[in-house]
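Biologist: I should like to learn how to read a structural model feature by feature. May we begin once the structure is before us?

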Amino acid sequence: MSDQLKRSNEPVFWLLFGAGGMLAALIGAALVFVLVFAVPLGLMPEAALSYGAARAFAQHWLAKAFLFVVVSLFFWHAVHRIFHSLHDIGVHAGRGARVLVYGSALAGTVAAAFALALIGG
Amino acid sequence: MTGQTKTVAVLRYRPEQDEAPVWQEYQVPYGDDTSVLAALNYIKDELDGTLSFRWSCRQAICGSCGMMIGGKPQLACKAFLRDYPERVTVEALAHFPIERDLVVVMDGFIDKLQKVKPYLIPREMRALEDGEYLQTPEEMDLYAQFAGCINCGLCYAACPQVGLNPDFLGPGAIALLHRYNLDSRDGGQAERMEMINAELGVFNCTAVGYCSEVCPKMVDPANAVNVNKMNSARDYFFRFLRPAPKQGGCR
Ligand code: FES
């Protein structure tokens, strides 16, 4: 019990989770609508999602910041949820799983930063 | 009484004879106003004197008759046979060790209550001649809701995280902790934050919210827990700068 009294580092992950959840709630549904329904069903012009348009969008530094925040925070939100859901269904994953789960979010974050940097201004 | 009877199925456990809990059914006459507690008392008085359960006030204020009724954590004196079509199941409160029949071991819960220092730690010491510690109605409003807890344990039976990690401080104790932290006369927040921030603290909660749903006194422990996640996060990052302000009241 005594070692249960030590300070939890959870606030770091919980804040990232919360921020990702907020973003997901705000724009997640709209993203799914645009990508999965609106464009394929022709409700929006196909050109809106063309490579050229997407690339042009991603070249602006503000759009880069937006994409980086969306992609990385969605990662952090998802892994936190997965980790706690595993616990809920009785898989009490230890330190190794923690590193694996949050490590994959970190990898996703780094990959997003790299990809955006490669696109250039 | 209507002359009709209803089946009350009780999960019995008598450590001297049962290896594991076993179901036993009783036929109980009932009326519109027959509570589950009244039914249990009928069983004990008329059918089977060996049945054990806790109760005292019969009016949802002592907090001793918490049990699983129809699979939900409820006060036996506040649940009624009329709400169950033919048969109602009664079991000991979930997530607590069973001592005997419907009586559970509350020691771990009491321990947690003590841990959160559920008493006023005066903000400033006053001499007798300085008079009372005064408080405005607005200041009282901030915490009054959380002061309604009767320690019945229903929220612990409702909380899946208490079930998974019995060391988790849990909804009731955190609501009580919050009640004192929000009190304008209290200065013990820093001491209590240690429990909130700890591994056994608020971050065990996954915001299920069932604790607040089952509370018979309309306390909102889920709110106390979740407000303290923010308090804890603030404390985590700004602990070297300044003490966190009092906030997060909820009526
Ligand atoms: S007997 Fe007191 S709360 Fe039910």
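Biologist: Is B:Tyr26 buried or exposed?

Modeller: Please keep in mind that this is a predicted model. A residue counts as buried when its relative accessible area is under 20%. B:Tyr26 has a relative accessible area of 6%, and therefore it is buried. This residue belongs to strand E2 of chain B, residues 22-29.

Biologist: Which residues does B:Tyr26 touch, leaving aside those up to four places away in sequence?

Modeller: The list comprises B:Lys6, B:Thr7, B:Val8, B:Val10, B:Arg12, B:Ile43, B:Leu47 and B:Asp48. For B:Val10, which is 16 residues from B:Tyr26 along the chain, the C-alpha atoms of the two are separated by 7.9 Å.

Biologist: How should one read the burial pattern of a helix, and which residues of helix H2 of chain B are buried?

Modeller: The general idea concerns periodicity. An α-helix has 3.6 residues a turn, so residues three or four places apart point the same way. In helix H2 of chain B, residues 107-115, the buried residues are B:Phe109, B:Lys112 and B:Leu113. Viewed down the axis of H2(B), these buried residues fall within an arc of 100°, so they line one face of the helix. On the other side of H2(B), B:Asp107 and B:Gln114 are exposed.

Biologist: Against which helices do the buried residues of H2(B) pack?

Modeller: They pack against helix H4 (154-158) and helix H6 (171-181) of chain B.

Biologist: How many residues of H6(B) are buried?

Modeller: Eleven of the eleven residues of H6(B) are buried, so this helix is largely enclosed by the rest of the structure. Among them are B:Arg179, B:His178 and B:Tyr180, together with B:Gly172 and B:Leu176.

Biologist: What are the buried residues of helix H7 of chain B, and which helices do they pack against?

Modeller: In H7(B), residues 189-197, they are B:Gln189, B:Arg192, B:Met193, B:Met195, B:Ile196 and B:Asn197. Their packing partners are H2, H6 and H9 of chain B.

Biologist: Let us turn to backbone angles. Where does B:Ala60 lie, and what is its phi?

Modeller: Here one looks for a positive phi in a residue other than glycine. B:Ala60 is such a case, with phi near 55°. Its place is in the loop between helix H1 (36-47) and strand E3 (66-69) of chain B. B:Ala60 has a relative accessible area of 8% and is buried.

Biologist: What is the phi of B:Met218, and is that residue buried or exposed?

Modeller: B:Met218 is not a glycine, yet its phi is positive, at about 55°. The residue lies in the loop between helix H8 (210-214) and helix H9 (221-238) of chain B. With 72% relative accessibility, B:Met218 counts as exposed. A further positive phi, near 50°, is found at B:Lys117, which follows H2(B).

Biologist: How does one describe a whole chain, and what radius of gyration does chain A have?

Modeller: One may set the value beside that of a compact globule. For 121 residues such a globule would have a radius of gyration near 14 Å, but chain A has 18 Å. The C-alpha trace of chain A spans about 60 × 30 × 20 Å along its principal axes. Chain A has four helices and zero strands, and 26% of its 121 residues are buried.

Biologist: What supplies the area that chain A exposes?

Modeller: Chain A exposes about 7500 Å², of which carbon and sulfur atoms supply 76%. As for charge, the mean positions of its 7 positive and 4 negative charges are 9 Å apart.

Key: Residues are numbered from 1 along each chain as its sequence is written. Chains are lettered from A and ligands numbered from 1 in the order in which they are written. This is a predicted model: local features need pLDDT of at least 70, side-chain atom pairs count only at pLDDT 80 or more; totals for chains, interfaces and linings use all residues. Side-chain values use heavy atoms; hydrogens and water are left out. Helices (H or I, at least four residues) and strands (E, at least two) are DSSP runs, numbered from the N terminus. The radius of gyration is taken over C-alpha atoms; the globule rule is 2.2 Å times the number of residues to the power 0.38. Buried means under 20% relative accessible area, exposed over 50%, partly exposed in between (1.4 Å probe, protein chains only). Accessible areas come from the Shrake-Rupley method with a 1.4 Å probe; for residues, only the protein chains shown count as cover. Lys and Arg count as positive and Asp and Glu as negative; His and the chain ends are not counted. The place of a charge is taken as NZ of Lys, CZ of Arg, CG of Asp or CD of Glu. The arc is that of the directions from the helix axis to the C-beta atoms. Contact means heavy atoms within 4.5 Å.
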